[in-house]
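Please open the structure in the viewer and keep a selection tool at hand. The stops below are meant to be followed in order.

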Amino acid sequence: MTSDPHTSLWRASDHGALEVPALSEDLQTDLVVIGGGFTGCSAALEAATSGANVVLLEAQTIGHGGSGRNVGLVNAGLWLPPEVIKKQIGDGPGTRLINALSVAPDEVYRLIEAHNIDCEATRNGTLHLAHAPKGVEDLQERFRQGNASGAPLQLLDREETIRRTGSQAFFGALFDPRAGAIQPLGYCRGLARAALSAGARVFERSAVTKISHSDEGWHVQSNGRRIRARHLLLATNGYIGALSGAPKPAFVPFHYCQFATAPLSDAQRARILPGGEGCWDTALVMSSLRIDRAGRVIVGGVGNLNAPGAAIHRNWAARKLAQIYPELAGVPFEHEWEGTIAMTSDHLPKVVEIGPDALSVFGYSGRGIGPGTVFGKRAARALLFGEVDALPLDIVPAYAESLRAPRAAYYEFGATLTHAVSPNPLRTSSAKRA
Ligand SMILES: Cc1cc2nc3c(=O)[nH]c(=O)nc-3n(C[C@H](O)[C@H](O)[C@H](O)COP(=O)(O)OP(=O)(O)OC[C@H]3O[C@@H](n4cnc5c(N)ncnc54)[C@H](O)[C@@H]3O)c2cc1C
C-alpha cells in the first residue's frame, strides 16, 4: 500500500511526468502564472495559444496540489443547486456562473481531444446517489432546480440505480449526462504539456517566495532568480506555500481521502458500475465511488490521513466498500491518498484583484476540474486582453474567511465521528463473514 499521502493511485497509474527544469535564469514575460494545477495550466495554455509570452512556476511538480489528487469527476456545476447560487449572488451573476460552468465539461473534453491528452477520459455521466430514503427528496429538489435552469438531468428510481451501480445500498440517483470522469493527474500534466507545445515556459521545483509591484510591472522571485511580468495570476488554491507580497487565498482546508482496490476481475467489472459513471452521495459527510480504467474501485470520504483520525477513516473505507459491495468485503486497498479542498463559506470560487493587472483565483470548494479549467482560461484572457466580462464571476477587491482553524477542526472532527459509527461496524463486519 502507498501510505505516503503524496503518492496516489493517480501518480502510480500515470506515466507522463513532465521533464521540465527548475527556474535558473532571470526572465521577462507578459504573464506569470504561479501554480501548476488545472487553473494555472489552463491559463498558461490559453495565454500561449493566444500568442502571449507566458511563464508558469510550480513549487513542486505539475499536479502536486488538488489537481493531482482529486476524485476525477468532471462535473457540470458546483455543489450548490442553482436557486441557492442565485440567492447568494443575485439572479444575473448566478445565471452567468451557472451557464459558464454547465458547459465546463465540454471545454475539458474539447481540450483532451484537441491535445490528445491521455487521461482515461470517459463521458458517461455522473450519479448523485441517495444514501438513504431522505436523500431521494434532496435529489428530487436538485432535479427540479437543475431542469428549470436547463440542465438535462434524469432522476433514476431505486431499481435503475441498482442496475447502474451494481449495489443495493442506494435508494435512487440523479444522473447528469453532461459529466464524466478522468485520471486527473494525467489531465493536468496533459494541459501543461499542451501549454509547453504552444510556447509556454514551464518550470517545476520553482516555488515563488516573494512578489512585488513597481512601475515596471510585477517582480517575482523564485530559486534566487527574478521574473518581470506585466500580468500575474496566482493559481495556488488550497496548496499555497510561503509567499510574501500578496494576500494569500482565504479558505477553510477540508481534507478528503481515497482508497483504491486492485483491478477487479472481468466478471466483477460487468456487475460493478458497468457504465463507468462517477458517483457521490447525498450524505452530509459525503462519500464518492468510481472505477478507473484498470477496473479498480475507488472509495472516497471526508477525512485527513495525516490526523489522529486516520485509522478511523481507513476502517470506515473498508466497511463502506463492504456495505456497497458485500462481495468485495475484505478486499484490501492497494492505494490510499488524501488532498486538501479549499472551501469557502458560501461554497463559491473567488476571483480577487491582488494588485494592478493581477488576479488570484481559488475556493472551488471541491469542484475544480471544469471550473479550474474555465476560470484559468478566462482569467488569462481577462488579464491579457481585458475580457473581464467573460469571467464566470465578478472580480472582487479582497476576500477574507473567519475562524478558519476551528472550522477546519470541526469538519475533521465531524468526519471522524461519523466514520467511527457509520456504516454500522457490527452490521458490516457480519456482512464480511457472510
Ligand atoms: C481529494 C480531492 C477530491 C476532489 N474531487 C474533485 C472532483 O471529483 N471533481 C472536481 O471537479 N474537483 C474535485 N476537487 C477539487 C479540485 O481538485 C480542485 O479544485 C482543483 O484541483 C484546484 O486546481 P488549482 O489549479 O486551482 O489548484 P491546485 O491543483 O491545488 O494547484 C495549486 C498549485 O500551486 C502550487 N503552489 C503553491 N504555492 C506555490 C508557490 N509559492 N510557488 C509556485 N507554486 C505554488 C502547488 O504546489 C500546487 O501544485 C477535489 C479536490 C481534492 C483535494
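Which residue just after α5 takes a positive phi? Select N116: its phi is about 55 degrees. The model is a predicted one, and every stop of this tour refers to that prediction.

**Helix α5 and its cover**

Step back from N116 into α5 and select A104, P105, E107, V108, Y109, L111 and I112, which are buried. Next, display the elements that cover these buried residues of α5; they include α2, β3 (73-74), α4, β7 (180-181), α8 and α11.

**The largest nonpolar core**

Nonpolar side chains tend to be buried together in soluble globular proteins. Here the largest nonpolar core has 53 residues, and the members that touch the most others are L31, Y187 and L233. At least two core residues each come from β1 (27-34), α2 (38-49), β2 (54-57), α4 (91-102), α5 (104-114), α8 (184-197), β18 (358-362) and α11 (369-385). Centre the view on L31 and show its contacts beyond four places in sequence: among them are A47, V54, V55, L233, A380, L383 and L384. The contacts of L31 also include N53 and H231. For a second core, which lies apart from the largest one and has 25 residues, select A169, A317, Y325 and F333, which are among its members.

**The eight-stranded sheet**

Now colour the open sheet of 8 strands, whose order is β5-β6-β4-β13-β14-β15-β12-β16 and whose pairing is mixed. Which strands stand at the edges of this sheet? They are β5 (154-156) and β16 (333-343); each has a single partner strand, so one side of each lacks a neighbour in the sheet. From one strand to the next, the twist averages 20 degrees.

At the β16 edge, select β12 (residues 252-261): β12 and β16 run antiparallel and are joined by 10 bridges. Within this pair, Y256 stands opposite G339 of β16.

Move then to β4 (126-129). In a regular strand, side chains alternate between the two faces of the sheet. In β4, T126 and H128 point one way while L127 and L129 point the other, and all are buried. The strand β4 has an antiparallel partner in β6, with 4 bridges, and a parallel partner in β13 (residues 278-281), also over 4 bridges. To locate these pairings, select L127 with its bridge partner F175 in β6, then T126 with G278, which stands opposite in β13.

Finally, add α7 (residues 158-165), which lies across β4, β5 and β6 (173-176) and runs at about 90 degrees to β5.

**A helix pair**

Two packed helices are described by the angle between their axes and the distance between the axes. Select α3 (residues 82-89) and α6 (residues 133-148): the angle is about 65 degrees and the axes are 8 Å apart. The two helices α3 and α6 are therefore roughly perpendicular. P82, E83 and V84 of α3 make the contact with E141, R144, Q145 and G146 of α6. These residues comprise 2 nonpolar, 2 polar and 3 charged.

**A loop residue**

The last stop is L243, in the loop between β11 (225-234) and β12. Is L243 buried or exposed? Its relative accessibility is 11%, so L243 counts as buried. Beyond four places in sequence, L243 is in contact with V208, T209, K210, I211, L234 and K248. As a distance check, the C-alpha atoms of L243 and F375 are 22 Å apart, with their positions 132 residues apart in sequence.

Definitions and conventions:
Residues are numbered from 1 along each chain as its sequence is written. This is a predicted model: local features need pLDDT of at least 70, side-chain atom pairs count only at pLDDT 80 or more; totals for chains, interfaces and linings use all residues. Side-chain values use heavy atoms; hydrogens and water are left out. Axes are lines fitted to C-alpha atoms, for helices over the stretch in contact, and angles run from 0 to 180 degrees between N-to-C directions. Angles under 35 degrees count as roughly parallel, over 145 as roughly antiparallel, 65 to 115 as roughly perpendicular and the rest as oblique. Contact means heavy atoms within 4.5 Å. Ala, Val, Leu, Ile, Met, Phe, Trp, Tyr, Cys and Pro count as nonpolar, Asp, Glu, Lys and Arg as charged, and the others, Gly among them, as polar. Two strands pair if DSSP finds at least two bridges between them. Buried means under 20% relative accessible area, exposed over 50%, partly exposed in between (1.4 Å probe, protein chains only). A nonpolar core is a set of buried Ala, Val, Leu, Ile, Met, Phe, Trp, Tyr and Cys residues joined through side-chain atoms within 4.5 Å.
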